Amino acid sequence: MNPALLTAAAGMKARIETVDVLANNLANSSTAGFKADAEFYRLFETARARPDPRTGDGDPMPVAEASLVNFGQGPIETTGSPFDIALEGPGFLTVQGPSGPLYTRQGSLGRSAAGELVGPGGLTVLGWDGKPIQIPANVPIVISQDGAIRANETTIGRLPIVEFADPRQLRKAGDALFSAPAGLEPQPAAFTAVRQGAIEGSNVSASLSAVRLISANRHFEMLRRAASLVGEDMDSRAVSELGRTS
């Protein structure tokens, strides 16, 4: 196949993947605790694209290999709700998922019908003892910077705030949830403070993402036109060659 057509097709595929990432970021620009994805590219070589040993020329193709999560701090918005918390620093709140612990920066907490402290999606927040944190009804709670929860001046639990040596290894398990692969162990937070009555917003820059989305769409259209021109050129050459041999 024509190398120019292959390059254009690979570029179009990469732009489609970029559009998907940016569109998801924009859709979650108002999701509390959401962390933006940033795609990155590399060049791959097929058997037909390896450098010619005589000339050194080759045709590596672009591909969006994966996306990286931007764990940068999002804006902190004051809500005044005693069940809202924002994390200042690199830590995560631990919640109990269907298949094990999950980690989140989304701090909208609540009290379940059973009196247990729950996090986003109604997932249970387990204390450091591995048991649900019981919240008494109709009693004001105070959450300190270290995550200690007090009701009527009595400590009733402590939020399981953890940090990771390399959070880049975390994998998204939902819009604001992450799972840790085997071997990546959470540690008690040492550089994270809890702020009660506030929520961390998404760290997506909606304006920047919109500009990049428009740019990616334009690049895709340019590559589509290039592929169309190459295809038309190939068709015209084929007709010309067939005419000569007939």
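Both Glu200 and Arg105 are buried, and this charged pair makes a good place to begin a walk through the chain. Keep in mind as you read that the model is predicted.

**Salt bridges**

Glu200 and Arg105 are joined by a salt bridge, with 2.9 Å between the closest N and O atoms. The pair links distant parts of the chain: Glu200 belongs to strand E17 (residues 198-200), while Arg105 is in the loop between E6 and strand E7 (110-111), 95 residues apart. These two residues do not stand alone, since Lys35 is linked with Arg105 and Glu200 in a network of salt bridges.

How many salt bridges does the count come to? The count comes to 6. Three of them are set out here, including the one just described.

| Salt bridge | Closest N to O distance |
|---|---|
| Glu200 and Arg105 | 2.9 Å |
| Asp37 and Lys172 | 3.1 Å |
| Arg158 and Asp146 | 2.9 Å |

The bridge between Asp37 and Lys172 has its closest N and O atoms 3.1 Å apart. This pair, too, links distant parts of the chain, with Asp37 in strand E1 (residues 37-44) and Lys172 in strand E13, 135 residues apart. Its two ends differ in their surroundings: Asp37 counts as buried at 12% relative accessibility, whereas Lys172 is partly exposed, with a relative accessible area of 27%.

Arg158 and Asp146 meet through their side chains at 2.9 Å, N to O. Here the partners are 12 residues apart, Arg158 in strand E11 (residues 154-158) and Asp146 in the loop between strand E9 (141-143) and strand E10 (148-151). Arg158 counts as partly exposed at 35% relative accessibility, and Asp146 also counts as partly exposed, at 47%.

**A buried acid without a salt bridge**

Side chains of opposite charge can pair when their charged atoms come close. Glu163 is a useful counterpoint to the pairs above. This residue lies in strand E12 (residues 161-163). Why does Glu163 count as buried? Its relative accessible area is 10%, and buried means under 20%. Even so, Glu163 has no salt bridge, and the nearest side chain of opposite charge, Arg105, is 7.6 Å away. A salt bridge needs the side-chain nitrogen within 4 Å of a carboxyl oxygen, so at 7.6 Å Arg105 does not qualify as a partner for Glu163.

What does the side chain of Glu163 reach instead? One contact is with the backbone nitrogen of Phe191, at 2.8 Å. Another is with the backbone nitrogen of Ala190, at 3.2 Å. A polar contact of 2.7 Å also joins the side chains of Glu163 and Thr192. Leaving aside neighbours within four places in sequence, the residues in contact with Glu163 include Pro90, Gly91, Glu185, Pro186, Gln187 and Ala189, along with Ala190, Phe191 and Thr192. Glu163 and Phe191 are 28 residues apart along the chain, and their C-alpha atoms are separated by 8.2 Å.

**Aromatic pairs**

Searching the whole structure turns up 5 aromatic pairs. In one of them, the rings of Phe71 and Phe92 have centres 5.8 Å apart and planes at 85°, so the pair is edge-to-face. Phe71 sits in the loop between strand E2 (61-69) and strand E3 (76-78), and Phe92 in strand E5 (residues 92-97), so that distant parts of the chain, 21 residues apart, are linked. Phe71 counts as partly exposed at 22% relative accessibility, while Phe92 counts as buried at 2%.

Tyr103 and Phe164 form another edge-to-face pair, their ring centres being 5.0 Å apart and their planes at 85°. Tyr103 is in strand E6 (residues 100-104) and Phe164 in the loop between E12 and strand E13 (171-172), so the pair ties together parts that are 61 residues apart in sequence. Tyr103 is buried, with a relative accessible area of 5%, and Phe164 counts as buried at 9%. Ring pairs link Phe71, Phe92, Tyr103, Phe164 and Phe178 into a cluster.

**The chain as a whole**

To step back, the secondary structure of the chain comes to 2 helices and 17 strands. Of its 246 residues, 36% count as buried. Among contacts between residues at least 6 apart in sequence, 65% join residues at least 24 apart. The chain exposes about 13700 Å², of which carbon and sulfur atoms supply 55%.

Methods. Residues numbered from 1 in each chain as written. Predicted model: local features only at pLDDT ≥ 70, side-chain atom pairs only at ≥ 80, totals over all residues. Heavy atoms only, no water. Helix = DSSP H or I, 4+ residues; strand = E, 2+ residues; numbered from the N terminus. Buried < 20%, exposed > 50% of the residue type's maximum accessible area, 1.4 Å probe, protein only. Contact = heavy atoms within 4.5 Å. Areas by Shrake-Rupley, 256 points an atom, 1.4 Å probe, with all protein chains shown as cover. Lys, Arg positive; Asp, Glu negative; His and termini not counted. Polar contact = N/O pair within 3.5 Å; in protein donor to acceptor, adjacent residues only side chain to side chain. Phe/Tyr/Trp six-rings, centres within 6.5 Å; stacked < 30°, edge-to-face > 60°.
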